[in-house]
Amino acid sequence: MGTAAEVADKETNGGLLDGKKVTVVFVLGGPGSGKGTQCANIVKRYGFTHLSAGDLLRAEIKSGSENGKMIQEMIKDGKIVPSEVTIKLLHRAMLESGNDKFLIDGFPRNEENRAAFEAVTNIEPEFVLFFDCPEEEMERRILGRNQGREDDNIETIRKRFKVFLDSSLPVIKYYESIGKVRKIDAGKPVDEVFESVKTIFAKYETKWYDTPRGRTMMLCIGGFMLVSAAVALALRKRNSR
Ligand SMILES: Nc1ncnc2c1ncn2[C@@H]1O[C@H](COP(=O)(O)OP(=O)(O)O)[C@@H](O)[C@H]1O
Ligand SMILES: O=c1ccn([C@@H]2O[C@H](COP(=O)(O)OP(=O)(O)O)[C@@H](O)[C@H]2O)c(=O)[nH]1
């Protein structure tokens, strides 16, 4: 038996997030493979919350936090930011979202990231969506991205490709060894890539009656049927007199 704090910690981390069972999909692939683009499509169709580790780190730089300078230097150099920093941001964003389905994009980037995330959150991904794309195509896409990112220059791009091969691919290999990788040919046009994505996410299709509008419609239909039944009953009573 640990201290109250340790017990509370175990309770919040018992495979649940804030007492809620959650679904996590890790979205991995080289820089420029189209992770962010396809995550936006998945969010629209399947109601997941998209958490890009890179976006969270860039927001942390902008916020002027004490870690900002360190994060900025690491990103500029294509290096992987220490796990505790990224995991804290991801964990907080998950809690704040209120959703129970998450796409974690661009994380875990190395074995240490992976082990630390599981140790801290006790959450294992449902599966890993892996965007497999030729390096020349990824390079072409990043150079045409035009988002004003400090790391989208040829020197840093080459470093990021090396980090991907040396550190991130082993994570994908690990998940492959336990049957959790869903590989997509990401070298094709956006729509074609999304067609492949859809076959993997089919079971998460949001039913129309599960949306806020659908629930309102169901309530209206239920109300209408109740009123019709009451009127029919009243008419039958009157006619039988
Ligand atoms: N299948 C695709 N074909 C051509 N361009 C793409 C495709 N997917 C994404 N892009 C473009 O390539 C660039 C990088 O895509 P992005 O989604 O930001 O990649 P990542 O998140 O993996 O770094 C963006 O400018 C995006 O519009
Ligand atoms: O979990 C993460 C995600 C991103 N990064 C840093 O953020 C950069 C940009 O990552 P992002 O996923 O935004 O872009 P991508 O490289 O996939 O285009 C990486 O090169 C890393 O320096 C990191 O350190 N840890």
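The questions and answers below go through a predicted model of a protein chain with two ligands.

Q: What makes Lys-79 a polar contact of ligand 2?
A: A polar contact is a pair of N or O atoms within 3.5 Å. A backbone N or O atom of Lys-79 lies 2.6 Å from an oxygen atom of ligand 2, and this pair is therefore a polar contact.

Q: How do you know that the side chains of Arg-145 and Arg-160 make polar contacts with ligand 2?
A: The cut-off is again 3.5 Å between N or O atoms. For Arg-145, a polar side-chain atom lies 3.2 Å from an oxygen atom of ligand 2, while for Arg-160 an N or O atom of the side chain is 2.9 Å from an oxygen atom of ligand 2, so both pairs are within the limit. On its own ligand 2 has 510 Å² of accessible area, and the protein covers 97% of it.

Q: Why are Lys-35 and Arg-58 said to be near ligand 2?
A: A residue is near a molecule if one of its heavy atoms lies within 4 Å of that molecule. Lys-35 and Arg-58 belong to the 20 residues around ligand 2, and they are among those that come nearest, together with Lys-79, Val-81 and Arg-160, so they are counted as near.

Q: Which helix gives the largest share of the shell around ligand 2, and how is that shell divided by class?
A: The largest share, four residues, comes from helix 3, which spans residues 53-62. By class, the shell holds seven nonpolar, five polar and eight charged residues.

Q: What makes Ser-33, Lys-35 and Lys-188 polar contacts of ligand 1?
A: Each pair of N or O atoms has to be within 3.5 Å. A backbone N or O atom of Ser-33 lies 3.3 Å from an oxygen atom of ligand 1, an N or O atom in the side chain of Lys-35 is 2.9 Å from an oxygen atom of ligand 1, and a backbone N or O atom of Lys-188 lies 2.7 Å from a nitrogen atom of ligand 1. The three pairs therefore qualify as polar contacts. Taken alone, ligand 1 exposes 560 Å², of which the protein buries 75%.

Q: Which residues surround ligand 1 most closely, and which helix gives the most to its shell?
A: Ligand 1 is surrounded by 13 residues, with Lys-35, Gly-36, Thr-37, Arg-145 and Lys-188 the closest. Helix 2 gives the most to the shell, with three residues, and the shell divides into three nonpolar, six polar and four charged residues.

Q: Why is the peptide bond from Phe-107 to Pro-108 worth a remark?
A: Most peptide bonds are trans. The bond from Phe-107 to Pro-108 is cis, with omega near 0°, and Pro-108 is found in the loop between strand 5 (101-105) and helix 6 (111-121).

Q: What is remarked on in the phi of Asn-122?
A: Most residues other than glycine have a negative phi. Phi of Asn-122 is near 60°, a positive value in a residue other than glycine, and Asn-122 lies in the loop between helix 6 and strand 6 (127-132).

Q: How is the chain divided into domains, and how far apart are their C-alpha centres?
A: The protein chain is divided into domain 1 (23-204) and domain 2 (208-239), and their C-alpha centres lie 47 Å apart.

Conventions. Residues numbered from 1 in each chain as written. Chains lettered and ligands numbered in written order. Predicted model: local features only at pLDDT ≥ 70, side-chain atom pairs only at ≥ 80, totals over all residues. Heavy atoms only, no water. Domains from an automatic or database assignment. Polar contact = N/O pair within 3.5 Å; in protein donor to acceptor, adjacent residues only side chain to side chain. Areas by Shrake-Rupley, 256 points an atom, 1.4 Å probe, with all protein chains shown as cover. Helix = DSSP H or I, 4+ residues; strand = E, 2+ residues; numbered from the N terminus. Nonpolar A, V, L, I, M, F, W, Y, C, P; charged D, E, K, R; others polar.
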